[in-house]
Amino acid sequence: MGRTEVKAVITGPRAEREFTFLVDTGSTLVGLPETDIKELGLTPVPNGRVRVRTANGIAERETFYALGELEGQGFGTMVVAAPIPLIGYELLENMSFRVNPVTQRLERAGDDEFVPPYQL
């Protein structure tokens, strides 16, 4: 599968910013660099530490709450620190998006579609 990127806006108490996210089909969370989390002023989720599997093994990460907009649709999500902006499949599925591996773009799944053949 190729590289799929998508632009989305993340809004925090201090700022709002558009990011180009790498769609990470192996991830469930949204990731942002720690400096961006601080600049946006994202609020930590109380007792919100999660264990994540990374390329370097299992790590524990603090989570932060963020609001955002993707393709004109608003969302709320948990964010963890990551080296680059990443968007995981869980948020995309919840928003009824799928990745087309041929065009390497997001597509909106139809309301009558339960599990498309290339659903994330």
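## Pocket, hairpin and core

The residues lining the largest pocket split into 9 nonpolar, 6 polar and 3 charged. The model is predicted. This pocket has a volume of about 400 Å³. Its lining counts 18 residues, and S27, V52, R53, T54 and L86 are the closest to the centre. Strand 3, strand 5 and strand 8 each give two or more residues to the lining. Strand 5 gives the most, with 3 residues.

Strand 5 also belongs to a hairpin. Its partner is strand 6, with 2 residues between the two strands. The pair runs antiparallel and is joined by 5 bridges. Within this pairing, T54 stands opposite G57 of strand 6.

The largest nonpolar core holds 23 residues. The members that touch the most others are I10, F21, L32, L42, L70 and I87. The elements below are among those that supply at least two residues each to this core.

| Element | Residues |
|---|---|
| Strand 1 | 5–11 |
| Strand 2 | 16–24 |
| Strand 3 | 30–32 |
| Strand 7 | 63–70 |
| Strand 8 | 73–81 |
| Helix 2 | 89–94 |
| Strand 10 | 97–100 |

Helix 1 also supplies at least two core residues. I10 has contacts beyond four places in sequence, including F21, L32, L40, L67 and F75. R17 and F19 are also among the residues that I10 touches.

D36 lies in helix 1, which spans residues 34–40. Is D36 buried or exposed? D36 is buried, because its relative accessible area is 9%, under the 20% cut-off. Leaving out residues up to four places away in sequence, D36 touches R17 and F19.

Terms used: Residues numbered from 1 in each chain as written. Predicted model: local features only at pLDDT ≥ 70, side-chain atom pairs only at ≥ 80, totals over all residues. Heavy atoms only, no water. Pairing = 2+ DSSP bridges. Helix = DSSP H or I, 4+ residues; strand = E, 2+ residues; numbered from the N terminus. Buried < 20%, exposed > 50% of the residue type's maximum accessible area, 1.4 Å probe, protein only. Contact = heavy atoms within 4.5 Å. Core = buried A, V, L, I, M, F, W, Y, C linked by side-chain atoms within 4.5 Å. 1 Å grid on protein atoms, 1.4 Å probe; cavity = no way out; pocket = protein on both sides within 12 Å on 5 of 7 lines; lining within 4 Å. Points joined across faces, edges and corners; volume = space filled by probe spheres on them. Nonpolar A, V, L, I, M, F, W, Y, C, P; charged D, E, K, R; others polar.
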